[in-house]
Amino acid sequence: MTDERRVVITGMGVASCLGIGVEALWDGLVQRRCGLGPIQAFDASGMTSPVGGETPRFKMTDFVPKGYRKSTKVMSRDIELAVVAAHEAVRDAALHQAPGVQRGEAEGPVNLDPARFGANIGAGLICADLHELAGAMATATNPDGRFSLRRWGSEGMNNLTPLWLLKFLPNMLACHVTIVHDAQAPSNTITCGEASSHLAIGEGFRTVARGDVDVCICGGAESKMNPMGVARQQLLARLPETSDHDPARLCRPFAADRCGAVPSEGGGLLILESLDHARKRGARIYAEVVGFGSTANTHDWRTPHPEGAGIALAIRRALEDAGVGAEAIDLMGAFGCGTREHDASELAAWTAVFGDHLAGAHALAIKGAVGNSGAGSGAVDIAAAVKTLAHGTLPPSPNTEPPDPACRLRFNPAGPVDAPIRRVCSVAYALGGGQNAALIMQRYQEGE
């Protein structure tokens, strides 16, 4: 629509197994570090692959106001990751809300209206704290040791904190983020597996473009570093099944010898802002969001479409939305989880849309370094792609060699290289949920 506003990215916050902050992610990728290793959060020795990506330890009190610290007691790991990413994104964008200025946490005058500050945050299947739950359930057994619903109702559940459930509701990621940062405009939660971050950012893009808000914090977060999160991947036969457990080589996106996905935890939140609002407050601009497309699969949910039909349609819709052809894309931001079937489906989609143009464009796949963090994975991918746009440097795509003979994507498996890129198309899809999404970002230049 001609009357829609231009939307830019002015801040990025990331929490990943490479560290806290978008610079930690970028430095880790450029220096070819791997954040995957033996799982420490629980005893994973009985799993097919006891390897994952865990975010380095942090103190939640460093990421919330002093008066909000009691609320951290009802934060699951997923909520914590979202709150950390939000803190980093708001700081990176130099947003100054009235409460932060009043507390002395932000320098300078207030530069946004809370009634025009919205949120769209993707969430996953938040795992219950098994130690806490099991302890309460142990008090609800009969003398013969069998679980009793009657005793659970009268005694067992009383051993859980009254606010226990608030740790595990998907909308609580957005709830805590909007309260901490005084975002009073429309807030939404999206739970569509690995596509969640892209869908949340796409919806945020639309919300800003049509003028409902001036600023929107959007992205996603999830932790799969828990017994249920890893067990689900094992039951769905997505974990690597190999005796080679070198963490730095285990996740091999698009490689001929790829053998499975490595679960992780993390996420990212972006600050999307109307160009006029960003210019008015003198914001630093990373890139401009110009296109968004989303689709749903009608294929068997257990296996991806062999031709990647849903992914290809999402890309085509994003291109149409951006008003550009396939030849205008310089960088393919691949999802690349590392399973044979999903990578093959994605490759088919890229080939169907871009064909011979793939040979002249760059590609980026980072899950060999950070693993698959579910609802948070797409935002981490986008943060890496946007930094590539901003710096004109393409980081390595680890473990993409030896290439699959069917792979026409042009990865950089070695060190960083200069790559003046104008536009990037980033894709994500839910491994079992049927949703696909594509976003197109372009480099922003003053005066445009």
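This short talk goes through the pockets, the cavities, the salt bridges and one surface patch of the structure shown above.

Before the details, a word on the basis: this is a predicted model, in which local features need pLDDT of at least 70 and side-chain atom pairs count only at pLDDT 80 or more, while totals for chains, interfaces and linings use all residues. Residues are numbered from 1 along each chain as its sequence is written, and side-chain values use heavy atoms, with hydrogens and water left out.

Let me start with the empty space. Rolling a probe the size of a water molecule over the atoms shows where such space is left. The search runs on a 1 Å grid over the protein atoms alone, where a cavity is a set of points at which a 1.4 Å probe fits but cannot get out, a pocket is an open set with protein on both sides within 12 Å along at least five of seven lines, and a lining residue has an atom within 4 Å of a point. Grid points are joined across faces, edges and corners, and a volume is the space filled by probe spheres set on the points.

The largest pocket holds about 580 Å³ of space. It is lined by 23 residues, and those closest to its centre are A41, R77, D129, M225 and N226. Helices and strands here are DSSP runs (H or I over at least four residues for a helix, E over at least two for a strand), numbered from the N terminus; on that basis, α2 (77–93) and α4 each give at least two residues to this lining. By class, the lining of the largest pocket has ten nonpolar, six polar and seven charged residues, where Ala, Val, Leu, Ile, Met, Phe, Trp, Tyr, Cys and Pro count as nonpolar, Asp, Glu, Lys and Arg as charged, and the others, Gly among them, as polar.

The second largest pocket has a volume of about 410 Å³. Its lining consists of 25 residues, with L125, G193, E194, K224 and R238 nearest the centre. Two or more of the lining residues come from each of β7 (215–223) and α8 (227–235), and α8 provides the largest share, three residues. This second lining divides into nine nonpolar, eleven polar and five charged residues.

Turning to enclosed space, the whole structure contains three cavities of 30 Å³ or more, and the largest cavity has about 140 Å³ of space. Among the 20 residues that line the largest cavity, N297, T303, P304, H305 and A430 lie nearest its centre. The largest share of that lining, three residues, is from α11, and its classes are seven nonpolar, twelve polar and one charged.

Now to the charged pairs. Side chains of opposite charge can pair when their charged atoms come close. With a salt bridge taken as a side-chain nitrogen of Lys or Arg within 4 Å of a carboxyl oxygen of Asp or Glu, the count comes to 18 salt bridges.

What does the salt bridge between E265 and R77 tie together? The N to O distance in this pair is 2.8 Å. E265 lies in strand β8 (residues 265–274) and R77 in helix α2, so the pair ties together parts that are 188 residues apart in sequence. For exposure, buried means under 20% relative accessible area, exposed over 50%, and partly exposed in between, with a 1.4 Å probe and protein chains only. E265 is buried, at 5%, whereas R77 is partly exposed, at 29%.

A second pair joins D356 and R408, at 2.7 Å from N to O. D356 sits in the loop between α12 (340–354) and β11 (362–364) and R408 in the loop between β12 (393–394) and β13 (417–418), so this salt bridge links parts 52 residues apart in sequence. D356 is exposed, with 64% relative accessibility, and R408 is partly exposed, with 37%. In addition, R5, R116 and D214 are linked in a network of salt bridges.

Finally, the surface: M137, F147 and L149 make a nonpolar patch of about 300 Å². F147 belongs to the loop between α4 (130–138) and α5 (149–154), and it is partly exposed, at 39% relative accessible area. Patches are made of residues with over 30% relative accessible area and no salt bridge, like charges being joined within 9 Å and nonpolar side chains (Val, Leu, Ile, Met, Phe, Trp, Tyr) within 5 Å; the areas come from the Shrake-Rupley method with a 1.4 Å probe, and for residues only the protein chains shown count as cover.
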